[in-house]
Amino acid sequence: MRKYLTEYLIYIERRIENCQQTELENILREHLDKIQFMQHERLIHFLVTMLFAFMFFMSLGIFMLTDKISLIPLMILILCLIVPYIRHYYFLENNVQKMYFIYDRILEKMGKK
């Protein structure tokens, strides 16, 4: 997903710079579809990240209440999974916001903003 979004942002930037006024409507429609797709992707990653955070804090709470050492590997595993999820969610969040700015640029080029 990282490569896909990065390549798309490069592609759309080039397309906006080198397009005719008549192409802007199609570019805008295509870009809105990509924004929706990425918003959905971002939502899913947010929910998964929150699920892992919830699991981590639940296992931490159970560990603190029961002192079961066997929960430590579980907490380490969850932490090893949650860190990449947070990193990827951060990437998605920032790039979806870039997509919003590109959307505004397209509207400006169309004279609608």
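This tour moves through a predicted model helix by helix, naming what to select at each stop.

**Stop 1: helices H1 and H2**

Select residues 2-17, which form helix H1, and residues 24-66, which form helix H2. The two axes approach within 12 Å, and the crossing angle is roughly 160°. Because angles over 145 degrees count as roughly antiparallel, H1 is roughly antiparallel to H2. The crossing of H1 past H2 is left-handed.

To display the contact, select Tyr 4, Leu 5, Tyr 8, Tyr 11, Ile 12, Arg 15 and Ile 16 on the H1 side. On the H2 side, add Ile 27, Glu 30, His 31, Lys 34, Phe 37 and Met 38. Coloured by class, this contact of H1 with H2 shows nine nonpolar, one polar and three charged residues.

**Stop 2: a salt bridge across this contact**

Keep Arg 15 and Glu 30 selected, and show their side chains. Glu 30 is joined to Arg 15 by a salt bridge, with 2.5 Å between the closest N and O atoms. The pair links distant parts of the chain, since Glu 30 belongs to helix H2 and Arg 15 to helix H1, 15 residues apart. Glu 30 is partly exposed, at a relative accessible area of 24%, and Arg 15 is also partly exposed, at 23% relative accessibility.

**Stop 3: a salt bridge within H1**

Which residue meets Glu 7 in a salt bridge? Select Lys 3: its side chain and that of Glu 7 meet at 3.9 Å, N to O. The two residues are four apart in helix H1, so about one helical turn separates them. Glu 7 is partly exposed, with a relative accessible area of 45%, whereas Lys 3 is exposed, with 61%. As a general point, side chains of opposite charge can pair when their charged atoms come close.

**Stop 4: helices H1 and H3**

Now add residues 71-110, which make up helix H3. The axes of H1 and H3 come within 11 Å, and they cross at roughly 15°. Since angles under 35 degrees count as roughly parallel, H1 and H3 are roughly parallel to each other. H1 passes H3 in a left-handed crossing.

For the contact, select on H1 the residues Arg 2, Leu 5, Thr 6, Tyr 8, Leu 9, Ile 12, Glu 13, Ile 16 and Glu 17. Their counterparts on H3 are Arg 87, His 88, Phe 91, Leu 92, Asn 95, Lys 98, Met 99, Ile 102, Arg 105, Ile 106 and Lys 109. By class, this contact of H1 with H3 has 10 nonpolar, three polar and seven charged residues.

**Stop 5: the network at Arg 105**

Within that selection, retain Glu 13, Glu 17 and Arg 105, which are linked in a network of salt bridges. The side chains of Glu 17 and Arg 105 meet at 2.7 Å, N to O. Glu 17 lies in H1 and Arg 105 in H3, so this salt bridge ties together parts that are 88 residues apart in sequence. Glu 17 is exposed, with a relative accessible area of 53%; Arg 105 counts as partly exposed, at 27% relative accessibility. In total, the structure holds five salt bridges.

**Stop 6: His 88**

Select His 88, which is located in helix H3. Is His 88 buried or exposed? At 14% relative accessibility, His 88 counts as buried, because the cut-off for that class is under 20%. Neighbours within four places in sequence aside, its contacts are with Met 1, Arg 2 and His 45.

**Stop 7: helices H2 and H3**

Hide H1 and view the remaining pair. The axes of H2 and H3 come within 8 Å and cross at roughly 160°. That angle makes H2 roughly antiparallel to H3, and the crossing of H2 past H3 is left-handed. The contact of H2 with H3 contains 35 nonpolar, seven polar and six charged residues.

**Stop 8: the loop between H2 and H3**

Finally, select Asp 67, which lies in the loop between H2 and H3. Its phi is near 60°, a positive value in a residue other than glycine. Most residues other than glycine have a negative phi. Asp 67 counts as exposed, at 55% relative accessibility.

Terms used: Residues are numbered from 1 along each chain as its sequence is written. This is a predicted model: local features need pLDDT of at least 70, side-chain atom pairs count only at pLDDT 80 or more; totals for chains, interfaces and linings use all residues. Side-chain values use heavy atoms; hydrogens and water are left out. Axes are lines fitted to C-alpha atoms, for helices over the stretch in contact, and angles run from 0 to 180 degrees between N-to-C directions. Angles under 35 degrees count as roughly parallel, over 145 as roughly antiparallel, 65 to 115 as roughly perpendicular and the rest as oblique. A crossing is left-handed if the near helix is turned anticlockwise from the far one by less than a right angle, and right-handed if clockwise. Contact means heavy atoms within 4.5 Å. Ala, Val, Leu, Ile, Met, Phe, Trp, Tyr, Cys and Pro count as nonpolar, Asp, Glu, Lys and Arg as charged, and the others, Gly among them, as polar. A salt bridge is a side-chain nitrogen of Lys or Arg within 4 Å of a carboxyl oxygen of Asp or Glu. Buried means under 20% relative accessible area, exposed over 50%, partly exposed in between (1.4 Å probe, protein chains only).
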